[in-house]
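I opened this entry to keep track of what I looked up, beginning with strand pairing and going on to helices and charged side chains.

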Amino acid sequence: MRIGIVGYGTGGSLFHLPYIQADPRWQIVGVVTRSAERRALLACEAPGITAYGSLEQLLAAGVDVVVLTTPAHTRRELVLQALAAGVHVVADKPFAPDLATARELRDAARQSGKVLTVYHNRRWDTDLLTLREVIHSGELGQVNRAHMVLDQDDPASLEPGPAGGLLRDLGSHVVDQMISLFGPVAEVDARLDNYETTAGVVDGAFSLGLHHCGGVYSTVSSSKISHSEQRSLCAYGTQGYYSSQMSDVQIDRVRAGERPAQAGTDWGMESPERWGEVRTAQGARRVPCVPGNYAQFYSELYDAFSGAGALPVTVDQALHTVAVLDAARHGAQLGVRQRVESEDANHSLG
């Protein structure tokens with residue numbers, strides 16, 4: 001199938017193109033970027049891939065799928081334009097600034113007969129996959145609580161405006177990760193910390209309590225304004241406890257110039273000194289990490305289009321994540337626990 005990317009900033013260059021290239025079944029038609037600097041970077045990192053000046057030009061070249069990784073405030077219009085042109089769409093997160101827009105885009109995809117999916121790539125993070133395997137092993141017993149922290153010392157990357165803020169940025173990731181582990185969320189309590197930028201006030205940190213329909217309580221927190229660099233994940237069960245503090249191994253390797261297409265079986269592997277630990281009545285032990293690979297998203301997507309599997313992320317799953325973020329924002333403003341609109345929450349999360 002023929003695929004093209006719209007945008008070659010951090011998302012397009014570090015999180016999408018390398019992982020599409022890892023599956024040779026995709027034919028990459030080109031990348032849309034107007035920046036001379038980004039065009040030069042594309043020519044250096046991916047020789048032979050054509051740079052286009054607009055989505056219209058990319059569509060005219062002939063594509064089956066477009067990947068939209070431009071700034072969040074541009075996403076709605078580009079999704080609608082691509083669907084109207086009769087192509088499938090992979091939208092970066094957040095794929096919509098609010099629940100009303102998410103429903104609009106879902107309905108547009110249904111009416112077009114084309115697929116709209118969302119790049120929730122952090123379902124294939126090493127630390128999350130390792131925790132999933134530990135939970136499935138039964139070693140922890142019944143898991144009742146989980147906690148995730150994802151802090152980055154990066155206030156300059158905060159995007160202001162109705163579609164910006166850290167809750168919609170990293171919040172989309174960590175909420176989707178907890179939903180992928182423990183199922184839909186019924187209620188959420190939230191605290192947002194605002195940050196003054198030259199372009200206006202934006203939420204630069206958050207802490208959420210997610211009350212999952214199945215009974216698990218998970219908390220997720222993140223900050224880009226506190227000069228903290230932290231990544232931790234833990235779970236509490238009736239028979240044991242698991243914790244890890246792994247690094248962002250995949251993005252670190254891409255930034256170092258490595259690519260999953262050329263890597264061996266160690267892609268997404270954390271170094272042993274950072275492996276997580278399980279504690280039970282039998283004592284403590286290190287848990288070998290499960291390798292993560294964001295290329296799995298694009299491999300599963302190709303399989304789905306070929307009729308050989310299910311979509312890696314459905315639009316209803318992504319819509320439920322937006323519903324949780326909406327409820328969190330409203331609840332934080334009112335200072336109350338907020339019920340999540342649930343009409344879209346009854347879907348399989350695997």
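Which residue is the bridge partner of tyrosine 236 in β12? I looked this up first and found tyrosine 241 in that place. I note here that the model is a predicted one.

**Entry on the nine-stranded sheet.** The pair of tyrosines belongs to the contact between β11 (residues 230-237) and β12 (residues 240-244), two strands that run antiparallel and are joined by four bridges. I then followed the sheet outwards and wrote down its order as β14-β13-β12-β11-β7-β10-β9-β8-β15, an open sheet of nine strands with mixed pairing. At the edges I found β14 (283-287) and β15 (338-339), and because each has a single partner strand, one side of each is left without a neighbour in the sheet.

For the helices on this sheet, I looked up α6 (residues 126-137), which lies across β7 (143-151), β11, β12, β13 (276-280) and β14 and runs at about 10° to β11. Helix α10 (residues 315-334) also packs on the sheet, where I see it touching β8 (185-197), β9 (200-212) and β15, with its direction making about 65° with that of β8.

**Entry on the six-stranded sheet.** The order I recorded is β3-β2-β1-β4-β5-β6, again an open sheet, and here the pairing is parallel. The edge strands are β3 (50-52) and β6 (116-118), each of which has a single partner strand, so that one side of each is left without a neighbour in the sheet. On average, neighbouring strands of this sheet are turned by 25° against each other when direction is ignored.

I looked more closely at one edge, where β2 (residues 27-32) pairs with β3 in the parallel sense over three bridges, and where valine 31 stands opposite alanine 51 in β3. Helix α4 (residues 75-84) lies across β1 (2-6), β4 (65-68), β5 (88-91) and β6, and I noted that it runs at about 160° to β5.

**Entry on salt bridges.** The structure holds 26 salt bridges, and I followed three of them.

In one, the side chains of arginine 103 and glutamate 341 meet at 3.1 Å, N to O. Arginine 103 lies in helix α5 (residues 99-112) and glutamate 341 in the segment after β15, so the pair ties together parts that are 238 residues apart in sequence. I checked the accessibility of both partners: arginine 103 is buried, with a relative accessible area of 18%, whereas glutamate 341, at 44%, counts as partly exposed.

I next looked up the salt bridge of arginine 122 with aspartate 248, whose closest N and O atoms are 2.9 Å apart. Since arginine 122 lies in the loop between β6 and α6 and aspartate 248 in the loop between β12 and α8 (249-255), the pair ties together parts that are 126 residues apart in sequence. Both of these residues, arginine 122 and aspartate 248, are buried. They also belong to a network of salt bridges that links Arg122, Asp125, Asp127, Arg231 and Asp248.

My last look-up was the salt bridge in which the side chains of aspartate 169 and lysine 224 meet, at 3.1 Å from N to O. Aspartate 169 sits in helix α7 (residues 166-182) and lysine 224 in the loop between β10 (217-223) and β11, and I noted that this pair links distant parts of the chain, 55 residues apart. Aspartate 169 and lysine 224 are both buried.

Note on methods:
Residues numbered from 1 in each chain as written. Predicted model: local features only at pLDDT ≥ 70, side-chain atom pairs only at ≥ 80, totals over all residues. Heavy atoms only, no water. Pairing = 2+ DSSP bridges. Axes fitted to C-alpha atoms, helices over the stretch in contact; angles between N-to-C directions. Contact = heavy atoms within 4.5 Å. Salt bridge = Lys/Arg side-chain N within 4 Å of Asp/Glu carboxyl O. Buried < 20%, exposed > 50% of the residue type's maximum accessible area, 1.4 Å probe, protein only.
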